[in-house]
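Visitor: I've got a model open and a pile of labels to make sense of. Could you walk me through what earns each one?

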Amino acid sequence: MLNNNYSVCVWNKTASAACEDAKKLGARVCISAGDVVQQCDIVFCCVSNCSSAREVLTGVNGALAEIKKGKSFINLTTCEPKASIEFYQLIAMRGGRYLETPLIGSVNDSSDGAFLLLAAGDYQLFEEVLPCLELFSRKRTYVGNVGKACELQVIMNMMCGNFTAVVAEGMALCRKSGVDKQQLFSVFQSSDLASPFLVEKAQMMIGNDGYQPAQKPLKHQQSDLRMAIGLSDQLMQALPVTAACNELFKRALSWGDEDLDMSVVYKAATL
């Protein structure tokens, strides 16, 4: 945004080198989320999870206290649909506008501007901020009312978790049978099953890099599976495969590997 002549204010929950780097490029570093809203009419919120987004919005010196008519809050964070609807209601009560814009992608996508972006809520606001969204996403899809983009993201992330678990179990069975995992990887990479995402996960499972760098931490993927199961409970939709997958991810979490890449679920599959 700074490179495209936008006036930018930044704030982070903890001391961050990223804020200092942005300051060097011309951004103003704010002292709180509320301070950002005071300074800016359009605010983007991107934090690690839904509880952090809630804290940014409603916590001490939070964004909500400064929301009023003319202010817009763009939520990029992965959130439960019902939480996003609650955020929308809180902001609308104060005269502000809300757009949920969860992202699908990895750490590499953040630096490459290659996220898939889903949007729901105020369509006029979506059109207004589209030039900004285009700077860090390769495709943008508007899906309807608040909550629907979060639901679609939950479903996509659920599928990513299931696919990764399948590759992990395939690698584990290969190991048990005595077949070289590298041979399985070579065949897999040449097959119609291969995708950049699954190839990356398979490479981590056979590599010696300690499941680093974490393109998506194990703890975040298990949280996504938990959200999918919660959504299925609300809608009375059975998810037996995802429920089993979640148990595998929970086992991996119990070993203290929560900050490693989600491909570390392979370790749990080998038992």
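Guide: Let's take the labels one at a time and hold each against its cut-off. Keep in mind that this is a predicted model.

Visitor: Start with helix 8 and helix 9. Why are they called roughly antiparallel?

Guide: Helix 8 (residues 181-189) and helix 9 (residues 196-206) pack at an angle of about 170°. Over 145 degrees counts as roughly antiparallel, so these two helices get that label. Their axes are 10 Å apart.

Visitor: Which residues make that contact?

Guide: From helix 8 you have Lys181, Gln182, Phe185, Phe188 and Gln189. They meet Leu198, Val199, Ala202, Gln203, Met205 and Ile206 in helix 9. The residues of this contact split into seven nonpolar, three polar and one charged.

Visitor: What do the buried residues of helix 9 pack against?

Guide: They pack against helix 7 (148-177), helix 8 and helix 12 (265-269). The buried set is Leu198, Val199, Lys201, Ala202, Met204 and Met205.

Visitor: Now Asp224. What makes it buried?

Guide: Its relative accessibility is 5%. Buried means under 20%, so Asp224 qualifies. Asp224 is part of helix 10 (residues 218-235). Setting aside residues up to four places away in sequence, Asp224 touches Thr78, Val154, Asn157 and Lys216.

Visitor: Let's do rings. How many aromatic pairs are there?

Guide: The count comes to six. One of them is Tyr123 with Phe126, at 5.8 Å centre to centre.

Visitor: How do you know that Tyr123 and Phe126 are a pair, and what makes them tilted?

Guide: Ring centres have to lie within 6.5 Å, and theirs are 5.8 Å apart. Planes under 30 degrees apart would be stacked and over 60 edge-to-face. The angle here is 40°, which makes the pair tilted. Both residues lie in helix 6 (residues 123-133), three residues apart, about one turn of the helix.

Visitor: And why is Tyr123 called partly exposed?

Guide: Tyr123 comes out at 40% relative accessibility. Partly exposed runs between the 20% and 50% cut-offs, so that's the label for Tyr123. Phe126 has 6%, so it is buried.

Visitor: What other ring does Phe126 pair with?

Guide: Tyr142, in a tilted pair at 5.5 Å centre to centre with 40° between the planes. This pair links distant parts of the chain, with Phe126 in helix 6 and Tyr142 in strand 8 (residues 137-144), 16 residues apart. Tyr142 has a relative accessible area of 28%, so it is partly exposed. Elsewhere, ring pairs join Phe73, Tyr88 and Tyr98 into a cluster.

Visitor: What makes the side chains of strand 3 alternate?

Guide: Look at which way they point along strand 3 (residues 42-45). Val43 and Cys45 point to one face and are buried, while Ile42 and Phe44 point to the other and are not.

Visitor: How do you know that strand 3 and strand 4 pair?

Guide: Pairing takes at least two bridges. Strand 3 and strand 4 (residues 72-75) have four bridges, in the parallel sense. Cys45 stands opposite Asn75 in strand 4.

Visitor: Why is Gly70 called exposed?

Guide: Gly70 has a relative accessible area of 51%. Exposed means over 50%, so Gly70 makes the cut. Gly70 sits in the loop between helix 3 (50-58) and strand 4. Leaving aside neighbours within four places in sequence, Gly70 contacts Asp41 and Gly95.

Visitor: Last stop, the backbone. What is there to notice about Tyr211?

Guide: Its phi is near 60°, a positive value in a residue other than glycine. Tyr211 lies in the loop between helix 9 and helix 10. At 13% relative accessibility, against a cut-off of under 20%, Tyr211 counts as buried. Pro213 is in the loop between helix 9 and helix 10 too, and a cis peptide bond joins Gln212 and Pro213, with omega about -5°.

Visitor: Asn5 has a positive phi as well. Is Asn5 buried or exposed?

Guide: Exposed: Asn5 has 75% relative accessibility, and the label needs over 50%. Its phi is about 70° although it is not a glycine, and Asn5 lies in the segment before strand 1 (9-10).

Definitions and conventions
Residues numbered from 1 in each chain as written. Predicted model: local features only at pLDDT ≥ 70, side-chain atom pairs only at ≥ 80, totals over all residues. Heavy atoms only, no water. Axes fitted to C-alpha atoms, helices over the stretch in contact; angles between N-to-C directions. Parallel < 35°, antiparallel > 145°, perpendicular 65-115°, else oblique. Contact = heavy atoms within 4.5 Å. Nonpolar A, V, L, I, M, F, W, Y, C, P; charged D, E, K, R; others polar. Buried < 20%, exposed > 50% of the residue type's maximum accessible area, 1.4 Å probe, protein only.
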